[in-house]
Amino acid sequence: MEKYSLEDCRIVELDRHHSDRKGNLTVVENGVTLPFDVKRVYYMYDVPGGESRGAHAHKSLSQLIVAASGSFRVTLSDGVNSRSFFLNRPYHGLLVRPGMWRDLDDFSSGAVCMVLASDIYLEDDYIREYDEFLAFRNNG
Ligand code: TYD
């Protein structure tokens, strides 16, 4: 299994079509935008102020996390270093590669966290215990 580092996780500037009259449109297209094909889309919304989500890692899943509306912070960790990204633009996506612990917090009111994922929902792909995550990183 390929081992990724924090540097492989970055903000992707998405295609934006602007019209003064009609507003904006952003596109994500398989084979063009991302280093993976999208198999599943899910989104979180109505997250109460002060709540956090995430607190897990994935063994194989790649994701693009987009603040489709509002804003929130995503903190990624490789078990040694961590990096925070504040997402507040629908045309910015955070590329998250496998093997990264993620915490999402600081949700604004009305925030919509849209996630484009490389695979279907597989509970076996989740690492929900931080100790288990560290062991996964160290044994890879
Ligand atoms: P979870 O991934 O734990 O949310 P968080 O982003 O807070 O870590 O998922 C919350 C619940 O939703 C959990 O019961 C599993 C379910 N779920 C699905 O059924 N399918 C999905 O694609 C996802 C992402 C979650």
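This report describes one sheet and the salt bridges of a predicted model.

Residues are numbered from 1 along each chain as its sequence is written. Because the model is predicted, local features need pLDDT of at least 70 and side-chain atom pairs count only at pLDDT 80 or more, while totals for chains, interfaces and linings use all residues; side-chain values use heavy atoms, with hydrogens and water left out.

**The sheet**

Five strands form an open sheet in the order β1-β9-β6-β11-β4, and the pairing is antiparallel. Strands here are DSSP runs of E with at least two residues, numbered from the N terminus. Two strands count as paired if DSSP finds at least two bridges between them. At the edges of the sheet lie β1 (10–13) and β4 (40–45), each of which pairs on one side only. On average, neighbouring strands of this sheet are turned by 30 degrees against each other, direction ignored. The axes behind this angle are lines fitted to C-alpha atoms, and angles run from 0 to 180 degrees between N-to-C directions.

The edge strand β4 is joined to β11 (residues 112–117) by six bridges, and the two run antiparallel. Among the residues concerned, M44 has C113 in β11 as its bridge partner.

**The salt bridges**

Side chains of opposite charge can pair when their charged atoms come close. The structure holds four salt bridges, a salt bridge being a side-chain nitrogen of Lys or Arg within 4 Å of a carboxyl oxygen of Asp or Glu. The table gives three of them, including both that involve R73 and an aspartate named below.

| Pair | N to O distance |
|---|---|
| R73 and D105 | 3.0 Å |
| R73 and D106 | 4.0 Å |
| E123 and R128 | 2.9 Å |

R73, D105 and D106 are linked in a network of salt bridges. R73 lies in strand β7 (residues 72–77) and D105 in strand β10 (residues 101–105), so their salt bridge ties together parts that are 32 residues apart in sequence. D106 sits in the loop between β10 and β11, so its pairing with R73 in β7 connects parts that are 33 residues apart in sequence.

For accessibility, buried means under 20% relative accessible area, exposed means over 50%, and partly exposed is in between (1.4 Å probe, protein chains only). Within the network, R73 is partly exposed at 31%, D105 is partly exposed at 24%, and D106 is partly exposed at 42%. In the pair of E123 and R128, E123 counts as partly exposed with 37% relative accessibility, and R128 is likewise partly exposed with a relative accessible area of 40%.

Key. Helices (H or I, at least four residues) and strands (E, at least two) are DSSP runs, numbered from the N terminus.
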